[in-house]
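Let's poke at this one together, one question at a time. Keep the viewer open as we go.

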Amino acid sequence: MSVTGPDMDEVVAEFYVPLYRFALSLAGSVAPASDLTQETFYLWLQHGTGLRDPSKVKGWLFTTLYREHLRGNRRTLRFPHHELEEVVSELPVVGPADVGLIDGRLVMQALAQLDENHRAPLSLFYLESFTYPEISEALGIPIGTVMSRLSRGRDQLRRCLGASLSAEDRKVLPFFQAKA
C-alpha cells in the first residue's frame with residue numbers, strides 16, 4: 001500500500017477473495033455474495049479511499065460488507081419478493097367496467113382538495129413516478145416524512161373520493177373496501 005493511502009488495485013488484490021468468502025458465508029449463494037462484494041468495493045471507492053491508516057482497510061471493508069448484508073436483509077423483510085402466481089388470489093378483482101367508474105377529472109378535483117403537505121408527495125409519486133428519495137430531495141423532507149405523508153394523503157384522497165361516489169360505486173371499487 002502506498003504512503004498516500006491504499007491503492008484500489010492493491011486493496012482488491014489483497015481483500016477480494018476473503019471478502020467474497022465472508023459474503024458467501026453470509027448470503028449463502030453465489031449471486032448475492034458477488035453483489036455484496038462488488039457493493040463493498042463500490043462503497044470503498046466512494047468513501048474509503050480517504051482512509052489514512054492502511055491498517056484499518058481490512059476492518060473497514062469487512063464492516064461495510066456486513067452492514068450492507070444487514071441492510072439488504074432488512075429491505076427483504078420489509079419488501080418480500082413474491083412470485084405473481086403465488087399471490088394472485090390476494091389481488092383485487094377489477095373488471096373493465098370498474099376501471100371506468102372513476103374518471104381522471106374526479107381524481108384531480110379530489111387531489112386539489114388535499115392540503116399541500118399531502119398533495120405534493122401524492123402528485124410526485126403517482127403522477128410523476130418519483131421515488132421516495134426523489135420526493136424527499138425535491139421537497140426537502142426526510143424519507144420517513146414522505147412515506148407518512150403519502151399514507152395520510154391516500155387516506156384523505158380516499159375520503160374525498162368516497163364523498164363523490166355513490167354507495168354502489170364504493171362497493172365495487174377495491175380502493176374503498178375495508179383494509180384487512
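Before we start, a quick bit of vocabulary: buried means under 20% relative accessible area, exposed means over 50%, and partly exposed is in between. Also bear in mind that this is a predicted model.

Q: How many helices and how many strands does the chain have?
A: Read along the sequence, the pattern is α-α-α-α-α-α-α-α-α-α. The count to take away is 10 helices and zero strands.

Q: Is Met108 buried, partly exposed or exposed?
A: Met108 sits in helix α6, residues 104-113. Its relative accessible area is 44%. Partly exposed covers what falls between under 20% and over 50%, so Met108 is partly exposed.

Q: Which residues form a nonpolar patch on the surface, with about 310 Å² of accessible area together?
A: Met108 is one of the members, and a residue needs over 30% relative accessible area to join a patch. At 44%, Met108 is partly exposed. The full patch is Met108, Tyr126 and Leu127.

Q: Is Gln156 buried or exposed?
A: Look in helix α9, residues 143-164, for Gln156. Leaving out residues up to four places away in sequence, Gln156 touches Leu114, Asp115 and His118. The relative accessible area of Gln156 is 19%, and the cut-off is under 20%, so Gln156 is buried.

Q: How far apart are the end C-alpha atoms of helix α2?
A: Helix α2 runs over residues 30-48, which makes 19 residues. At 1.5 Å a residue, α2 should span 27 Å. The model agrees with that, as the end C-alpha atoms of α2 are apart by 25 Å.

Q: What arc around the axis do the buried residues of α2 cover?
A: The buried residues of α2 are Ala33, Leu36, Thr37, Thr40, Phe41, Leu43, Trp44 and Gly48. They're on the same side of α2, because the arc they cover around the axis is only 160 degrees.

Q: Which residues are exposed on the other side of α2?
A: The cover over the buried residues of α2 includes α1 (8-27) and α3 (57-78). Flip to the other side of α2 and the exposed residues are Asp35 and Gln38.

Q: What share of the accessible surface of the chain belongs to carbon and sulfur atoms?
A: Of the 180 residues of the chain, 27% count as buried. The accessible surface of the chain comes to about 12,100 Å². The share that belongs to carbon and sulfur atoms is 56%.

Terms used
Residues numbered from 1 in each chain as written. Predicted model: local features only at pLDDT ≥ 70, side-chain atom pairs only at ≥ 80, totals over all residues. Heavy atoms only, no water. Patch = residues over 30% accessible without salt bridge, like charges linked within 9 Å, V, L, I, M, F, W, Y side chains within 5 Å. Areas by Shrake-Rupley, 256 points an atom, 1.4 Å probe, with all protein chains shown as cover. Salt bridge = Lys/Arg side-chain N within 4 Å of Asp/Glu carboxyl O. Helix = DSSP H or I, 4+ residues; strand = E, 2+ residues; numbered from the N terminus. Buried < 20%, exposed > 50% of the residue type's maximum accessible area, 1.4 Å probe, protein only. Contact = heavy atoms within 4.5 Å. Expected span 1.5 Å × (residues − 1). Arc of directions from axis to C-beta.
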